[in-house]
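Good morning, everyone, and thank you for making time for this. Please have the sequence and the structure open while I talk, and we will go from one pair of residues outwards to the whole assembly.

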Number of protein chains: 2
Amino acid sequence: MRTEGEIPGKPGTLFLIPTPLGATPLDWVLPEATRRIAQRLDCYIVEHAKTARAFLKLVDCNTPLQQIEMHELSEHTPAVRLKDLLAPLLAGKDVGLISEAGCPAIADPGADLARLAHRHGIPVKPLVGPSSILLALMGSGLVGQRFAFHGYLPSKAEERTLAIKELEKRAQKDDAAQAFIETPYRNRAMLDSLMQACRTDTWLTVACDLTLTSEFLRTRRIEEWQRQAKPDLDRRPSVFVLWREKG
Amino acid sequence: MRTEGEIPGKPGTLFLIPTPLGATPLDWVLPEATRRIAQRLDCYIVEHAKTARAFLKLVDCNTPLQQIEMHELSEHTPAVRLKDLLAPLLAGKDVGLISEAGCPAIADPGADLARLAHRHGIPVKPLVGPSSILLALMGSGLVGQRFAFHGYLPSKAEERTLAIKELEKRAQKDDAAQAFIETPYRNRAMLDSLMQACRTDTWLTVACDLTLTSEFLRTRRIEEWQRQAKPDLDRRPSVFVLWREKG
């Protein structure tokens, strides 16, 4: 493997380019600088070519869309392929990394690529844009000191209940808000599990459709969630946050 | 306490408005929509009035700066004062919350205010902007699945070493990148502690001056950090990220 000292020419920069979380105008969620950089690049590593092309169309790239070099990097990409994806960077070309929605290299296959880029002395430059995880944590009002993000919890009801109880304990013990997500069609089942598994005075944030006009973001204690009409979360991307005051 | 059902009029919205991490032009780090909302508001809750005014000057508010209502909310603000800060919101006025730098209500006193706002049925709207924590996690290439943010570690050398070893274990056990910060003048001591306390094949990201022209962001294994010239981190805001592959 080539290491930092051995690179013959100056490598390109791997730009981590966030994309909108839904159908919002770009200027709602991306700084002009992020857009300008995306506009200028003509080589991309993307999670799904179709959604990437829709984004680059909005960006209004300097290079015609059909001439933009695009490589897919998904959960199905074998690890040995990662090195090949770095070839344009090692040859001195700037490359954009974009994920399906939101910030790349956060719990997606882009993280492995960014790590490998570091190993090869390639500069990695994260750009500002929307992250449903960060927005949910901000809006929750539950991040006094610390937080953690767990991705998906187990999908089977019993294991999910155990995982929720474990996070609830950890929230209190570490004084740390615990965030996680669910596949949109199981959101309702997740909300039911949370109301059954958690103690009544535990805080729960439900944040969905963040940055969209249909945004819903509410923090309540479990007992209040139980009393109120449940929001319709079906098929809406959601982030959940749990926290308990230190006992 | 007034609860959701009892609110007589429509309350205002509490906008969580991120601010730049240093002396960068606004369009590098804020979407135009975030700026437009900040421009329109004439009532703010801020961590420090002086830095808030400098930011609002850049924003070019519709209301003359000296006519903008500004209330301070710092770590020294007593909890009983929080309710008073909500008064304009309960009276129907939109209010902006801004912290010293970056995203408000993440490990700062704004979180308690946002939580109280939820209790009073006040809509809380997080806006997109720069977060050194999120940018460091993206750029680290270490967030395969999960992550945690711990704020400051203990400042005494022995306790800090224990905390680092604990995070290193947790990173591997939970398969979760562990992020934390240090007060800028102790960054060098932190980096030394990390190199002494961690196993040689543990991954460490050092991210400093994020979004500034002096940005430094590098992920290496501890043994590589030990071999390379140490970056000068003195007085530069830094985020550290630790991770180990699951054994």
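Let me begin with Tyr44(B), whose bridge partner in strand 3 of chain B is Met70(B); please keep in mind that what we are looking at is a predicted model. That pair belongs to a longer contact, since strand 2 of chain B, residues 43-46, is joined to strand 3 of chain B by four bridges, and the two strands run parallel.

If we step back, we find that five strands of chain B form an open sheet with parallel pairing, in the order 3-2-4-1-5. Strand 3 (69-72) and strand 5 (124-126) of chain B stand at the edges with a single partner strand each, and therefore one side of each has no neighbour in the sheet. On average, and ignoring direction, neighbouring strands of this sheet are turned by 25 degrees against each other.

Now to the place where the chains meet, to which chain A and chain B each give 46 residues. On the side of chain B, the elements that give two or more residues include helix 2 (32-40), helix 7 (132-140) and strand 6 (146-152), and the residues of that side divide into 28 nonpolar, 11 polar and seven charged. Strand 6 of chain A pairs with strand 6 of chain B in the antiparallel sense, over three bridges, and here Ala148(A) stands opposite Ala148(B).

How is chain B superposed on chain A? A rotation of 180 degrees, with 0.0 Å of shift along its axis, does this with an RMSD of 0.0 Å, and the two copies are thus related as by a two-fold rotation axis.

How values were computed. Residues are numbered from 1 along each chain as its sequence is written. Chains are lettered from A and ligands numbered from 1 in the order in which they are written. This is a predicted model: local features need pLDDT of at least 70, side-chain atom pairs count only at pLDDT 80 or more; totals for chains, interfaces and linings use all residues. Copies are superposed by least squares on the C-alpha atoms of residues with pLDDT of at least 70 in both. Two strands pair if DSSP finds at least two bridges between them. Axes are lines fitted to C-alpha atoms, for helices over the stretch in contact, and angles run from 0 to 180 degrees between N-to-C directions. Two residues are in contact if their C-beta atoms, placed from the backbone, lie within 7 Å. Ala, Val, Leu, Ile, Met, Phe, Trp, Tyr, Cys and Pro count as nonpolar, Asp, Glu, Lys and Arg as charged, and the others, Gly among them, as polar.
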